[in-house]
Amino acid sequence: MCIRDRNRIVIASVDKLSPISGIKNKLIAYRTFLRSYPNYFGNTLLIQYCTPGTSYTEETSKELKAIVESINQEFPTSIIYGELRVSNEKRLALLSVAEILLVTSLRDGFCLLPFEFLMAKRNELRTGSVILSEFAGCARAMSSISQVNPYVASEIVYSILTAIESQSSPAKLASMQHDLEYIQKHNASNWLNSLVKDIKASHNSSETSLYLGAIDNKVLRPKPFFEHLLSSAILNHYSKASNRVILLDSEGTLIPVVSRAVIQTAEIVSKELKQFLATLCSDRRNSVYILGGKTKSLMDKWFGDIPELGLAAEYGYHYKKATRNEWKRVVIEENREWREKVKEIFAWYKERTDGTEIEVKDGSMVWLYKDADPELGNWQAKELEKALKNALAEHPAVTAIHGRGFVEVKLKKLEKGEFARKVLRKVKKHKGDIDFVLCMGDDISDEPMFQLINSFYSGALLDKCSAFTCTVGRKPTHARYYVNDYKDSLTLLDLLVSCMSKMETGELSDQSGTGEEMQTLNSTPLITPETAFGHSLQ
């Protein structure tokens, strides 16, 4: 095992001898560093130890030894390389004398070496730097590290240079101290205690709860009143109502979530769905609106040929009344300076994530990753959220949302809840008091609608207005009900259409509910538009 050379900066790592450890990428990048900055030849030393693992092959070993020999011929004594099993004591000794830890794994779900490095350097953090592959499992858990793409040698070279030149930076020292405190606090014992706590909390919850996973040591589960919507109770409410509002999301709720190539076609909207919507719109007691995040041209392509259907594109940036054929711009954007900044950030992540696209809309910009590798796409989306949070700090009029398969930056005033408020206000003005509301959606952009409509729960049970907020899939939500998928949504619309037909033929009586149905009826809160929206509806 080496002893610190006071005249040289030690770059070290201990990796499994495996192709996915990225050791070849590391060696090539180090050679590029010495060629690019020859003044550091003789002033830096790379110590690389490899421990044989289950994926060890003679071919990998020979290839790495050949690269090391080539580099040492060009730059003598620049690399110490060994293939051996390293004990815990020797590994920590190496980490304690190294100034830089360099890990370039191509994929590593369980990477503890950066944690060990900080613990080994805890008494002299000023002399420590971590350069870590962005594909390592702990990359997002530490703020002081320098993340690199192991496939891009220039990124590794730049990070090595930066680590050498910023050894005594106060900002870096504070960041490393924060990471050290995090590591010391979140140890295996802490994790085990949190797990046991979550298990107990889940066990003590009501029988109607469903465990959905843990975030920030909290068990997420639906509320006790979270129910499946496909019930005859909604038909009783629907049949008795004389002024109904139906608010529907599009993709994921009425049609499947598909790739960007397929989504541009009108065929993904089934003939059955169009027939259901047309029949519902033909009833003068119904006011039916589809509120989507897509562009007005795509909304027109999907639903523009359905008479009496109200449409909202881009969360309400554009609106087309049920009685008119032209689109109206609802929101005026005063400052567009944020767009160039967001476009640059999106382009950077698009280049790094295969299968992603950028969509520029009138009121927003979207980074789409649903065609990318699911794991990598979601990972990059979370990193993108962090970058946007910092970049948009000077632009309070816009916000970033992370939905299913996309990250979108949009105007804050563009949200479905605000548009739903306008719809209810107009329906009340022209048709009178509303006595039935059905609101359906599938992702985070629909939550403001659910919250808005659910605000009537604090109202008095006087003027009877039954409201159903429904999400697609069982998940934490503000909605009171759920359906399993978009096919269930179509089944529900089919039930409403059948209900209309039975009402016209007299087959459906107001008193036709069973005892079970009436129990569900009595548990559904009643509202008035004034209770939910105050004087704004006047």
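This passage describes the sheet, one helix packed on it and one pocket of a predicted model. Local features were accepted at pLDDT of at least 70 and side-chain atom pairs only at pLDDT 80 or more, whereas totals for chains, interfaces and linings use all residues. Residues are numbered from 1 along each chain as its sequence is written, and side-chain values use heavy atoms, leaving out hydrogens and water.

A good place to start is the sheet. It is open and parallel, with six strands in the order E3-E2-E1-E4-E5-E6; strands (E, at least two residues) and helices (H or I, at least four) are DSSP runs numbered from the N terminus, and two strands pair if DSSP finds at least two bridges between them. Strand E3 (79–83) and strand E6 (146–148) are the edge strands, each pairing on one side only. Five parallel bridges link E2 (residues 44–52) to E3, and leucine 46 has isoleucine 79 of E3 as its bridge partner.

Helix H1 (residues 23–36) lies across E1 (9–17), E2, E3 and E4 (100–103), at about 170 degrees to E2. Contact means heavy atoms within 4.5 Å, and angles run from 0 to 180 degrees between N-to-C directions of axes fitted to C-alpha atoms, for helices over the stretch in contact.

Turning to the pocket, the second largest one is lined by 23 residues, with Val14, Asp15, Lys16, Asp108 and Phe110 nearest its centre. A pocket is an open set of points on a 1 Å grid over the protein atoms alone, where a 1.4 Å probe fits, with protein on both sides within 12 Å along at least five of seven lines; lining residues have an atom within 4 Å of a point. E1 gives the most to this lining, with three residues.
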